[in-house]
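Biologist: I should like to examine this model one question at a time. Please finish each answer on the name or value requested.

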Amino acid sequence: MNAGPCILVVEDDKKMFRVYAASLESEGYTLCDASNGQAAIAEVRTRNPDLILLDLGLPDIDGLQLVPQIREHSTAPIIVVSAREQEQSKVKALDAGANDYLTKPFSVPELLARIRVGLRSRSRVGETLESTVTFGDFQFDLANRRLVRGDRQMHLSPTEVKLLTTLARHADEVVTTNALLKETWGSAYHSRSGYVRVYMHSLRHKIEDDPARPKYLVNESGLGYRLRTSS
Amino acid sequence: MIAKLTSYLAPENQSRFISRTGLRIVVGLGIMLLTLLFNLYVVGREDLANVTMVYLIAIAGVSIYLGYRPAIAATVMCALTFDYFFLAPYHSLRIATGRALLTFIGMFAIAVFTSLLHERLRLDARKARQNESRMEALYALAKALVDANSSEEVCLRSATQIEQAGAGNVCILVREKETFRRAYSARGQVALETEDLALANWVATRLEAAGMGTENATAATACYIPLLASRGCVGVLSLRPRTQSAEATAFTEVPSILLSMARQVALALDRALLAQEKQGALIEAETERIRSAVLSSVSHDLRAPLAVIGSASSTLVEHGLRLPDAARSEMAKIIFDEARRLNELLRSLLDVTRLQSGGLIVSREWESLEEIVGSALRHIEEHASGQILRAHIPSAIPLLQLDAVLIEQVILNLADNAFKHSRSEQAVEIDLAIHDREIIVYVIDHGHGVREDELASIFDKFYRSESTAGMGLGLGLTIARGIVEAHGGRMWASHTAGGGLTIQFSLPIGEAPPQLASTDLLEPIAAGGRG
């Protein structure tokens, strides 16, 4: 076995796989590939990859249906790769259990950053939630639900705390609006996106210096939010 | 026949004092009786010459005012009474002398000739009147058709004129490309009836009139006359007598004036259809011209980055090892940039196609414009090199129901356009203002602006001002406006005070956004207070 983390690339275009290979192998990752849905499931079961790059445009199966199937066998982070026209399936894939997304064409630094975040959250799985998430000069204590800036404690409403907790648990990953609704208000509030907007607005005005250009609570139009811990 | 068509086309009011023949005969005989009494008691039997004259005057009067038949009856009565009362032997119909016989025959003959002459004059006058009204109707039709520009107008006006001429209900079926597609009555376009269509098709192929009053399909309730022009049958005129009106009942022969009118209508319709076809061909040619111009400019724009990618990558493939590192990474950078540009071009082409084919899916959610603008700003700052963007966003903007991805695209397109038209030290500003029932977003640049006449055309598809030729496909603003309009808003351009262009768009504030009944906005608690 190679020492580097194993990444399963589910991509039917051989040339695209070569591009992934060139940029990822030089970073020390081990790559295995699957060119269709069936092979992907087989690879997930036999190789138990640390992270899965899943292209949504596969020949034999809708990538969307593949996400729950992979989830039956593996908890490895899934990063879906989609063309721009698949805006809707991106959201659905995230709601179905994918961890993040990349839109083609993407740059290599983008790809590497997403993979690093994915692998980091993988290593966090299993840890107790006592850890603290740090962004800028803020420290958010997940266990005690306490947000501290420098040495000053911030005053947050319970709803804001819940929102921030969900985002912090998936730090640097995109969390869909639906997921935030479900975590904070329960599944009965599905599709009440206005709730999330209202509280994210107040949360942003408490945390951000320039709420119009957020540094930490970044929104991704049509998808959801991302808590950025590193610039 | 003439009588038939006039009673059909122009029901004539007889210019006689009394209309019924029987009554007229009685009146004629009464006049003769008065004349007889006048002759007996005023003129006297001795003055035979004057008696004759008075009789002739009376017959002439009856003939003129009461017509042919009363005049003949009056003549016979006149002859009998003349013989009985004025020719010896009196009170007997016998004629005694040759002179008396000559007088009797002479007077009878003069009376008959006078009546016949008057009848002839009357017929001539009536014919002249008919001709006149016929000419009037034809003239009115010609006048109505002279400035009818479209086939529709020709049909409507013809139907109106023919109906005014006293015919029944007129319907004109237009024949284009061998089939009947439209039909018009005097009141406007009507549906094509199956019964009409069947006969009209028959008429159009045989080029003969059919239906009531013709030799073909006589059982039909209307008559169908082909509208013949130089290139064949351009339509069919159908005429259905009004059943409710007494004077226009079924007719046994197609009035000739109707045939004349049909000829006029055919010519006008032919002319209008020809003009229409010519116009259609012109539009088609123009569309084709624009399409090929667009195609050539688009393919040029798409090919340019491809050519660069081709040669840069070929340089890497052929001489990669011999190139210094700096040159190699420069080639790679060029390929990367051009590929991205190509991707953007294709994306905007796809967007505009989707917008126009109605394939744009707007999935509305409650969204915060502050977030969307923020996301757009982040996107621009990640990609723009050293250009300044300022945003002034009031903090209390109501949530709107919109498609965040699409509206972000609008802002990106507008900002991109603004950067293209200004120098790098000229800041681009994004402003938001809340009006009564809408939010207005301004994207302001201080670049070189556009001419007054370009303010509207910059939103046209593939429009590029001279200064930006080659910098894009000219689709960004088209797409932006299309998206805003799909959201029920408007987009327009104006000059920035002091130079430059301001593009603004409105987004309607719909129903009130969801307000939370929760108290936790009002009572912020210290985080961790629960634990």
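Biologist: Which residue in β12(A) does V174(A) stand opposite?

Modeller: In this predicted model, strands β10 (residues 174-176) and β12 (residues 224-227) of chain A pair in the antiparallel sense over three bridges. Strands are DSSP runs of E with at least two residues, and helices are runs of H or I with at least four, numbered from the N terminus; two strands pair if DSSP finds at least two bridges between them. Opposite V174(A), in β12(A), stands R226(A).

Biologist: What pLDDT do local features need?

Modeller: Residues are numbered from 1 along each chain as its sequence is written, while chains are lettered from A and ligands numbered from 1 in the order in which they are written. Because the model is predicted, side-chain atom pairs count only at pLDDT 80 or more, totals for chains, interfaces and linings use all residues, and local features need a pLDDT of at least 70.

Biologist: Which residue in the hairpin of β11(A) and β12(A) takes a positive phi?

Modeller: Strand β11 (residues 217-220) of chain A pairs with β12(A) through four antiparallel bridges, and E220(A) has G224(A) as its bridge partner. Three residues lie between the strands of this hairpin, and the positive phi, near 80°, belongs to G222(A).

Biologist: Which are the edge strands of the open sheet in chain A?

Modeller: Four strands form this sheet in the order β6-β7-β8-β9, with antiparallel pairing. Two bridges join β8 (residues 146-149) to β9(A), and V148(A) has Q153(A) as its partner. The strands that pair on one side only are β6 (132-135) and β9 (152-153) of chain A.

Biologist: Which helix gives the largest share of the largest nonpolar core?

Modeller: A nonpolar core is a set of buried Ala, Val, Leu, Ile, Met, Phe, Trp, Tyr and Cys residues joined through C-beta atoms within 7 Å. The largest one has 59 residues, and those with the most contacts inside it include I52(A), L54(A) and I78(A). Seven of its residues, the largest share, come from residues 193-207 of chain A, helix α8.

Biologist: How many residues does the second, separate core have?

Modeller: Among its members are V154(B), I162(B), V170(B) and M261(B). The number of residues in this second core is 44.

Biologist: What arc do the buried residues of α3(B) cover around the axis?

Modeller: Helix α3 (residues 48-66) of chain B has 19 residues and reaches 26 Å from its first C-alpha to its last, close to the expected 27 Å (1.5 Å times one less than its number of residues). Its buried residues include V51(B), Y55(B), I59(B) and V62(B); buried denotes 20 or more other C-beta atoms, placed from the backbone, within 10 Å of a residue's own, exposed 12 or fewer, and partly exposed in between. On the face turned away from the buried side are the exposed A49(B) and I57(B). The buried residues lie on the same side of α3(B) because their arc, taken from the directions from the helix axis to the C-beta atoms, is only 135°.

Biologist: Is K177(B) buried or exposed?

Modeller: Most residues other than glycine have a negative phi. K177(B), in the loop between β1 (169-176) and β2 (179-185) of chain B, has a positive phi near 50°. With 6 other C-beta atoms within 10 Å, K177(B) is exposed.
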